[in-house]
Amino acid sequence: MAAATAGDLDFAQFVNKLRSRTGIDLLQYKEDQMRRRLATFRDRRGYRTFCELYEGMVRDAELYEEFLDRMTINVSEFYRNARRWEVLAQKIVPELTATRGKLRCWSAACSTGDEPYTLSIVLSGLLRRHEYEVLATDIDKGALERAREGVYGAASVREVPKPILDRHFKARGDTYAVSEEIKRSVAFKQHNLLADPYENGFDLIVCRNVLIYFTDEAKDSVFRSFSKSLSQGGYLFIGGTEQVFQPDRYGLETADAFFYRKT
Ligand SMILES: C[S@@+](CC[C@H](N)C(=O)[O-])C[C@H]1O[C@@H](n2cnc3c(N)ncnc32)[C@H](O)[C@@H]1O
C-alpha cells in the first residue's frame, strides 16, 4: 500500500470535518472522481489546502453552497432515456394500478426537477390527479430551488414530444415553464440518501444517475433502504448505466431493463 501523503491527510481531515458539521460523508462517494473535482474547485477559489477551503466554507455560506453545487452533479433532462419512460407508461404503471389504489412515487436525487416532472407528466396521461402523488428529493438545496421554479432551457426539453410540450409547458422567450398543474403535483424536499431516514410505502422509486457516484458499500446500503421503502410488488427504476447486482440479495427481481420489482 502506498504511504499517505500530506495531500491525503489534508483531504482526510477535510472529509472528517465536513461530515461532523454537515452530515455529508464524502467517503461514500468514489474517491478519485470526487477528490479531483473538489481539488479543481479548491484551486479555482484560491485555497492551497482542503482544510483552508473548509475554514473558508465555515465563514462563507455562499462558498459552501458553491461547494455543494460542485460536489453534486446536477445534469438532468426531461424524458432522459426516452424508451425507459415508455416502458414505465406501457408496462409498469398499468401493472401497478391493476392491484392498488393511489400510487405513491418517489423521485430520489431529483436534481432540478426534470425527472419528477417527467414522471408526473407520464402519470397524468394515465391516471387522474388524485390517483398518484410524487415526492421528489435531493441533497442539493440550490437544485431544489430551481426545481420549484420549474423553468428550463431548450436543451432540457429536447426529448419532450411536441404535443406534451404544448400541453404541459409555457414557452417564454427561449425558456419553457412547466404548467402549474404539473408543478402542484410534485412535493420537493431536501434528503440525503446516505444519511437521512427513508419514508416507507412507496409503489415506485425512481433513482437515476446518482448511484454511479457512490462506493459499492454505499450503493449496497441504499439498495437495502430502497427495498424496505417499497411496498410489496413496488418498483425501483434506475439509470441507464446502472445495475443492481444480484437483486435477490435485496428482495428485488428484474422486471425489465433498469426496473426491479420488490418480491
Ligand atoms: C446527475 S444528477 C441526476 C438527476 C436525475 N435523477 C437524472 O437522472 O436526470 C445527480 C443528483 O444526485 C444528487 N445527489 C448526490 N448525492 C446525493 C445524496 N447523497 N443524496 C441525495 N441526492 C444526492 C445531486 O445533488 C444531483 O442532483
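"Buried" here means under 20% relative accessible area. Keep that cut-off in mind, please. This is a predicted model.

Let's start with two residues that meet the term. W106 is buried, and F226 is buried too. Their rings form an edge-to-face aromatic pair. The centres are 5.6 Å apart, with 85 degrees between the planes. Where do W106 and F226 lie? W106 is in strand β1, residues 103-108, and F226 is in helix α10, residues 216-229. So the pair ties together parts that are 120 residues apart in sequence.

Stay on F226 for a moment. Its relative accessible area is 0%, so F226 counts as buried. What does F226 touch, leaving out residues up to four places away in sequence? The contacts are W106, A108, L193, Y198, I205, C207 and L236. E199 is 27 residues from F226 along the chain, and their C-alpha atoms are separated by 9.3 Å.

Next, the other aromatics. The whole structure has 18 aromatic pairs. One of them joins F78 and F169, edge-to-face, at 5.2 Å centre to centre and 75 degrees between the planes. This pair also links distant parts of the chain. F78 sits in the loop between α4 (61-71) and α5 (82-99), while F169 belongs to strand β4, residues 169-172. The two residues are 91 apart in sequence. Both F78 and F169 are buried.

There is a ring cluster as well. Ring pairs link F11, F14, F41, F50, Y64 and F67. F50 has a charged visitor: R42 lies over its face, 4.6 Å from the ring centre. R37 does likewise with Y213, at 5.9 Å from the ring centre.

F50 brings us to helix α3, residues 50-59. Which residues of α3 are buried? They are F50, C51, L53, Y54, G56 and M57. Their cover includes α1 (6-22), α2 (31-44) and α4.

Now the domains. The assignment gives domain 1 as 6-71 and domain 2 as 82-262. Their C-alpha centres lie 29 Å apart. At the interface, 10 residues of domain 1 are in contact with 13 residues of domain 2. The two domains bury about 1000 Å² between them, and 47% of that is on carbon and sulfur atoms. Which residues of domain 1 lose the most area to domain 2? Q28, Y29 and K30 do, together giving 51% of what that side buries. How many salt bridges cross the interface of domain 1 and domain 2? The rule finds 1.

That leads to charges in general. Side chains of opposite charge can pair when their charged atoms come close. The whole structure holds 25 salt bridges. R146 and D69 form one, at 3.7 Å from N to O. R19 and D25 form another, at 3.3 Å. R19 is partly exposed, with a relative accessible area of 31%. D25 comes in at 14%, so it counts as buried.

R84 and D256 pair too, their closest N and O atoms 3.4 Å apart. Here again distant parts of the chain are linked: R84 in helix α5 and D256 in strand β9, residues 252-256, with 172 residues separating them. R84, at 13% relative accessibility, counts as buried. D256 is partly exposed at 22%.

E253 and R261 bring their closest N and O atoms to 2.4 Å. E253 is partly exposed, at 33% relative accessible area.

Last item: a network. Salt bridges link K102, R104, E133, K189 and E199. E199 came up earlier, beside the distance to F226.

Methods
Residues numbered from 1 in each chain as written. Predicted model: local features only at pLDDT ≥ 70, side-chain atom pairs only at ≥ 80, totals over all residues. Heavy atoms only, no water. Phe/Tyr/Trp six-rings, centres within 6.5 Å; stacked < 30°, edge-to-face > 60°. Helix = DSSP H or I, 4+ residues; strand = E, 2+ residues; numbered from the N terminus. Buried < 20%, exposed > 50% of the residue type's maximum accessible area, 1.4 Å probe, protein only. Lys NZ or Arg CZ within 6 Å of the ring centre and 35° of its normal. Contact = heavy atoms within 4.5 Å. Domains from an automatic or database assignment. Buried area = accessible area lost by both parts, 1.4 Å probe. Salt bridge = Lys/Arg side-chain N within 4 Å of Asp/Glu carboxyl O.
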